[in-house]
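Here are my notes on the two-chain model you sent over. Have it open while you read, and go through the points in order.

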Amino acid sequence: MTLRVEIEDLAKHFGEIRAVDGVTFSVSKGEVLGFLGPNGAGKSTTMKMITGFLAPTRGTVRVCGYDVLTDPISVKANLGYLPEGAPAYADMTPDSFLKFIADIRGLSGADKKRAVASAAERARILNVMYQPIETLSKGYKRRVGLAQAILHNPPVLIMDEPTDGLDPNQKHEVRTLINEMAEDKAIIISTHILEEVNALCTRNVVIASGKVVFDGTPAELEQKSRYHNAVVLSVNEVDNTKLLQYVAELDFVAETELLMAGNGIRVFPKDSAYITIALSEKIREQGWEIASLYAESGRLDEVFRSITLPRTAGVK
Amino acid sequence: MNMLNIWFIMKREFGGYFATPVAYVFIIIFLLLAGFSTFYVGNFFARGEADLYPFFSLHPWLYILLIPAISMRLWAEERKSGSIELLMTLPVSVFEAVLGKFFAAWAFTGLALILNFPLWITVNYLGNPDNGVIFTGFIGSFLMAGGFLAIGSCVSASTKNQVIAFVLSLIVSLIFVLAGYGIVLDFFSSWAPQPLVDAISSFSFLTHFDAISKGVIDLRDILYFAALITIWLFANALIVNARKAD
């Protein structure tokens, strides 16, 4: 594990507003860090400080060992950055745009040619290389931005909502691309699309109102859900209310609820314990025939709400 | 300061002028206005002298109108489209970016200026002008254009709106030209002490351009334009740094 990005007590105040308020985390090679949080939580502001676009009010950022305040050029040289909305020079073609980026990145001759060709191929924009960027669709514009960010094969890649506004196929392509690159880079992506947590990330940092409220793996995030290990159960030829009454009496059950449209019941275990097998044994003891039985892994949207909405001291 | 970065940014920006019809429209309008003012306003023929003084003497007025049209997009467009976030997170310094953009605009103006060469051919065909004077006239005009561009670039960095950038640059440029104009100086000399009048006059583009356009190269005039460009571009960089993320 080599640390590639180290952020310590980072803060940005705009007048009275504390957009980012003491954020600390780090990212190592091989990690894809999903940076989550509601709109306005400070995700973009944090990314802008990491990339040296915004000066922090306090705190430090180090990228590959370089401090963004004392050596911004070295930080920027080691970064690939896709800003929110993937801005580019609209009147250029992807070809001339990527060549310009390659020039600035210090690539020339055969290296430059190879870098442009490889970035264009990975971002899948080879078929639009000679059309002005302003005439491209949103999905292609985003991919041009991606090509720009990965062109110099940077050790650290930072992407602000890389899949925002893309259709499901395009989202899938972008995620595939990120997964392909994950192994030898440290990647930070911001998103509020929760399905990306499992599809992409090896770790999540959740921020709300400028503060980190969660830092852990996607599995740990799911475990915070009250639906984690909850069991959905339905039984043939037994009334759901009767089933509910019986299950509610079991000693490992904390709570039960009736599902809509007579589809069975949901059983919440005590302490989020794993109860699927125990529950099925109890049902069979009654001589009932199980129609379906499965454990839920946890609902991210519910966790997301519960940890980002109440900014109370108890939530950590 | 990485010279290569300045060169790459300049190249991109210069190409940007030609990506749209803007460059061609500008050059044609510039040539038409320069030609028109030389022959009709400047009385090129009636003067009966083989020089390009009528051509150069009207350049300050042409530039007031046309240079802001070149400089207005330099930073305002970057800020509006958000591409400034891309540019400023590439491994380039603010000064490299400011200089690259400025040199691109300056080179473009230089190109438009050189395309006035038919006038030079005309005057050589009609008489025997002092080509040395004409050459310094071009140099002086080019230097003055740099001054206008530095003002315009700085103003452009302070807004996201190109129209505002255009109007503000035009007004600031006007002030810098008018400061040396007879009527304005007369107005001041009626009540202000002479040193103040001289100071106001010495800030004017007209005062410094007039001598060069007549073929007199004074180091002080060249230093004036060099200092003016430096100061405005320095302010430009400070403004970009302070307001890039707004």
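1. Start with the sheet in chain A, bearing in mind that this is a predicted model. Its four strands are ordered β2-β1-β4-β5, the sheet is open, and the pairing is antiparallel. At the edges you'll find β2 (17–28) and β5 (66–67) of chain A, each of which pairs on one side only.

2. Next, the β1/β4 pair. Strand β1 (residues 3–14) and strand β4 (residues 58–63) of chain A run antiparallel and are joined by five bridges. If you want a spot to check the register, take I7(A): the residue opposite in β4(A) is V61(A).

3. What lies across this sheet? Helix α1 (residues 43–50) of chain A lies across β1, β2 and β4 of chain A. The angle between this helix and β1(A) is about 120°.

4. On confidence, chain A looks like this: the pLDDT averages 89, and 97% of the residues score at least 70. The stretch I'd flag is residues 312–316 of chain A, where the pLDDT is below 50. Leaving aside near neighbours in sequence, that stretch has three contacts in the model. Where pLDDT is low, predicted coordinates shouldn't be read in detail.

5. Chain B has another make-up: 15 helices and zero strands. Along the principal axes, the C-alpha atoms of chain B fill a box of roughly 55 × 45 × 30 Å.

6. Does the radius of gyration of chain B agree with that of a compact globule, or disagree? For 246 residues such a globule would come out near 18 Å, and chain B has 19 Å, so the two agree. As for burial, 43% of the 246 residues of chain B count as buried.

7. The contacts within chain B are worth a look too. Among those with a separation of 6 or more, 81% are between residues 24 or more positions apart.

8. Finally, the place where the chains meet. Chain A puts 20 residues into the contact and chain B puts in 18. On the chain B side, the elements giving two or more residues are α1 (3–18) and α7 (83–87) of chain B. The top contributor there is α1(B), with four residues. By class, the chain B side that touches chain A splits into eight nonpolar, eight polar and two charged residues.

Note on methods: Residues numbered from 1 in each chain as written. Chains lettered and ligands numbered in written order. Predicted model: local features only at pLDDT ≥ 70, side-chain atom pairs only at ≥ 80, totals over all residues. Contact = placed C-beta atoms within 7 Å. Nonpolar A, V, L, I, M, F, W, Y, C, P; charged D, E, K, R; others polar. Pairing = 2+ DSSP bridges. Axes fitted to C-alpha atoms, helices over the stretch in contact; angles between N-to-C directions. pLDDT = per-residue confidence, 0-100. Rg over C-alpha atoms; globule rule 2.2 N^0.38 Å. Buried ≥ 20, exposed ≤ 12 C-beta atoms within 10 Å, placed from the backbone.
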